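Open the model and follow the chain with this text beside it. The walk starts with strand pairing, then turns to the core, the ligand shell and some backbone details.

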Amino acid sequence: MDRKALHKLSYGLYIVSAQKEKRPNGQIANAVIQVASDPPLVAVSINHQNLTHEFIEAAQGFTISILAQETPMEFIGRFGFRSGRDIDKFEGINYRSGSTGLPIVLDHTVGWLELNLIDKLDVRTHTLFIGQVVDAEVLSDDPTLTYEHYHKVKKGRAPKTAPTYREIEIRHQKLEV
Ligand SMILES: Cc1cc2nc3c(=O)[nH]c(=O)nc-3n(C[C@H](O)[C@H](O)[C@H](O)COP(=O)(O)O)c2cc1C
């Protein structure tokens, strides 16, 4: 099997957020896809270990901030390589509460969706959370950040908890230590 074929799949980059006991948390995810249109349903794949997983279960919903192409690597690092178990990722971040009370990250965001959790599917290491869009807004017409741009232009990596994690990236991480 040539696993490189999987690298030809296309994605965007998003911040998926939720909350527990009024505390917000969010994480970077590329595994986000609209799966139905009437009503609009969107699925996200979230690693069991992530705090965001626990918060989506608690909130029974989540929000998705669609990132702009010029999103700084530092911002992606904060949400994609750090856990809310160790830091408060929302400190100093521009965000607001949606109609269901869930946090919506606004920094570097071209548009957002707010969703009620309607179903979930266990997919081994991850859970596929399926949400129904209850609110959404376009904030700008700036180009969106694609996974390809993140890798090829920004030279970004993905941690082990990303469903699209590539073995080769273990070596990159070790070299950078
Ligand atoms: C480019 C990139 C893509 C990622 N995609 C996903 C994803 O689709 N699903 C996932 O569970 N984690 C993904 N991650 C990893 C999480 O963002 C990361 O594990 C995060 O630290 C979890 O934070 P939390 O513990 O505060 O929820 C990705 C990270 C990066 C940098």
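## Strands, core and ligand shell

Strands S8 and S9 run antiparallel and are joined by 12 bridges. Trp112 marks one point along this pair: Glu137 in S9 stands opposite. The two strands form a hairpin, with 2 residues between them. Arg124 sits in that turn and has a positive phi of about 65 degrees. This is a predicted model.

Each of these strands has another partner. S8 is joined to S5 by 7 bridges, again antiparallel. Here Ile64 has Leu113 in S8 as its bridge partner. On the other side of the hairpin pairing, S9 (residues 126-138) pairs with S4 in the antiparallel sense over 7 bridges. Leu41 stands opposite Gln132 of S9.

S4 also pairs with S3 (residues 32-37), antiparallel over 5 bridges. Ile33 faces Ala43 of S4 as its opposite residue. A hairpin of 2 residues joins S3 to S4. Look closely at this loop. Pro39 is found there, and a cis peptide bond joins Asp38 to Pro39, with omega at about 5 degrees.

Now turn to the interior. In soluble globular proteins, nonpolar side chains tend to be buried together. The largest nonpolar core here has 29 residues. Tyr14, Val16, Val44, Phe62 and Ile64 have the most contacts inside it. Strands S1 (14-20), S2, S4, S5 (61-67), S7 (103-105) and S8 (109-123) each give two or more residues to this core, as do helices H1 and H2.

Which residues does Val16 touch, leaving aside those up to four places away in sequence? The contacts are Gly26, Gln27, Ala29, Val44, Ile46, Thr52, Phe62 and Ile64. Val44, Phe62 and Ile64 in that set are also among the core residues with the most contacts. Ile64 is also the residue bridged to Leu113.

Next comes the ligand. There are 28 residues around the ligand, and Ala31, Thr52, Gly80, Ser83 and Gly84 come nearest. Thr52 is also one of the contacts of Val16. Which elements supply at least two residues each to the shell? They are strands S2 (23-29) and S4 (40-47), with helices H1 (51-59) and H2 (73-80). S2 gives the most, with 4 residues. S2, S4, H1 and H2 also appear among the elements that give two or more residues to the core. By class, the shell has 13 nonpolar, 13 polar and 2 charged residues.

Two further residues carry a positive phi without being glycine. For His108, phi is near 55 degrees. His108 is found in the loop between S7 and S8. Is His108 buried or exposed? His108 counts as buried, because 22 C-beta neighbours lie inside 10 Å. Lys155 has phi near 60 degrees. Lys155 lies in the loop between helix H3 (147-152) and helix H4 (168-176). With 9 C-beta neighbours inside 10 Å, Lys155 therefore counts as exposed.

Finally, step back to the annotated region. An unreviewed UniProt entry annotates residues 6-152 as "domain: Flavin reductase like". Over this stretch the chain is 16% helix and 47% strand. The C-alpha atoms at its ends are 16 Å apart.

Key: Residues numbered from 1 in each chain as written. Predicted model: local features only at pLDDT ≥ 70, side-chain atom pairs only at ≥ 80, totals over all residues. Near = placed C-beta within 6 Å. Nonpolar A, V, L, I, M, F, W, Y, C, P; charged D, E, K, R; others polar. UniProt positions renumbered as here; feature names shortened; annotations may be inferred. Core = buried A, V, L, I, M, F, W, Y, C linked by C-beta atoms within 7 Å. Buried ≥ 20, exposed ≤ 12 C-beta atoms within 10 Å, placed from the backbone. Contact = placed C-beta atoms within 7 Å. Pairing = 2+ DSSP bridges.
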